[in-house]
Amino acid sequence: MTEAAELPQAPEAAQRVFGEFFPEAVRYGELLADAGVKRGLIGPREVPRLWERHLLNCAVLSEVVPEGVTVCDVGSGAGLPGIPLALVRPDLKITLLEPLLRRTNFLQEVVELLGLDHVTVVRGRAEEVLGTLPPVHVVTARAVAPLDRLAGWGVPLLRPYGEMLALKGDTAEEELRGARAALSKLGVVETSVLHVGEGLVDPLSTVVRVEVGESPGGVRFAAKRAKAARTSRTRRRR
């Protein structure tokens with residue numbers, strides 16, 4: 001089993017970002033540094049930079065998430081960016097979607113320990129919950145897959161005119177250019193690269209925003225979603 005490490009002291013920016021939920025952010029960081037490392041959810045080398053590279057980097061995503069919307073964090077893993085986003089935005093209804101049992105167990109423990117009543121943990125892959133998980137306003141993701149593949153999973157989960165917000169690195173612009181054809185087929189009508197966290201994180205967090213029109217996922221996924229919804233209704237009637 002991998003040894004846990006001690007969470008470093010929080011930078012001053014963390015108190016500004018998390019506000020009244022700063023104690024919960026510290027507790028979450030401690031859980032990542034301890035159980036997260038022991039269970040192989042994050043590498044021990046990540047612990048010294050948990051605040052800057054992970055917690056704050058994810059929390060500032062809140063700057064571009066609309067107020068009072070539903071969010072699905074695809075491939076949530078250890079809860080990044082979903083948990084930091086939930087801590088700074090109690091107005092959101094967030095679903096943490098993750099296929100691996102050991103990760104969903106950890107996520108459920110975190111949600112219960114931190115009292116995050118506006119967060120739900122769902123075990124499954126994006127393509128499996130299509131039609132059963134209610135469509136959301138916003139899909140979030142971080143370090144899950146290349147943009148074209150990620151969009152194929154996340155975009156179909158959106159409501160009409162929703163958006164996917166993917167935390168990316170320095171290659172965001174290049175990745176976006178390479179994915180344009182795939183995004184168009186998925187019903188994407190607008191794309192942009194945003195930089196958030198001014199005065200809070202250095203470097204700034206890079207977010208690829210993908211906005212859809214009236215057919216999230218394109219025609220093929222619209223038919224698949226309708227079929228899944230019909231099947232779900234039939235099961236409920238039995």
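Start by selecting helix 3, residues 50–59: 8 of its 10 residues are buried, so the helix is largely enclosed by the rest of the structure. Keep in mind throughout that this is a predicted model.

**Stop 1: inside helix 3**

Which residues of helix 3 are buried? Show the side chains of Leu50, Trp51, His54, Leu55, Leu56, Asn57, Cys58 and Ala59; these are the buried ones. Next, display what covers them. The cover includes three helices: helix 1 (12–18), helix 2 (22–38) and helix 4 (82–88). It also includes strand 4 (136–142), strand 5 (158–168) and strand 7 (205–212).

**Stop 2: two cysteines**

Stay on helix 3 and pick Cys58, which is buried at 0% relative accessibility. Now pick Cys72, which also has 0% relative accessibility and counts as buried. Why is Cys58 not bonded to Cys72? The sulfur of Cys72 is the closest cysteine sulfur to that of Cys58, but it is 15 Å away, too far for a bond. A disulfide needs the two sulfur atoms within 2.5 Å. Seen from Cys72, the closest cysteine sulfur is the one in Cys58, again at 15 Å and too far for a bond. The structure as a whole holds 0 disulfides.

**Stop 3: strand 1 and its neighbours**

Select residues 70–74, which form strand 1. This strand is mostly covered, with 4 of its 5 residues buried. Add residues 93–98, strand 2, which runs parallel to strand 1 and is joined to it by 5 bridges. Within this pair, Asp73 stands opposite Leu96 of strand 2. Trace the chain from strand 1 through helix 4 to strand 2: this is a β-α-β crossover, and it is right-handed.

Then bring strand 4 back into view. Strand 4 is also parallel to strand 1, and 3 bridges join the two. Cys72, from the previous stop, has Val139 of strand 4 as its bridge partner.

**Stop 4: the nonpolar cores**

In soluble globular proteins, nonpolar side chains tend to be buried together. Which residues have the most contacts inside the largest nonpolar core? They are Phe18 and Ile83, in a core of 53 residues. Helix 2 gives the most to this core, with 8 residues.

Centre the view on Ile83 and show what it touches: Tyr28, Leu96, Val110, Val111, Leu114 and Leu116, leaving out residues up to four places away in sequence. Leu96 is the residue that stands opposite Asp73.

Finish with another core, which lies apart from the largest one and has 30 residues. To find it, select Leu130, Leu150, Leu158 and Val208, which are among its members.

How values were computed:
Residues are numbered from 1 along each chain as its sequence is written. This is a predicted model: local features need pLDDT of at least 70, side-chain atom pairs count only at pLDDT 80 or more; totals for chains, interfaces and linings use all residues. Side-chain values use heavy atoms; hydrogens and water are left out. Buried means under 20% relative accessible area, exposed over 50%, partly exposed in between (1.4 Å probe, protein chains only). Contact means heavy atoms within 4.5 Å. Two strands pair if DSSP finds at least two bridges between them. A crossover is right-handed if, with the strands pointing away from the viewer, the path from the first strand over the helix to the second runs clockwise. A nonpolar core is a set of buried Ala, Val, Leu, Ile, Met, Phe, Trp, Tyr and Cys residues joined through side-chain atoms within 4.5 Å.
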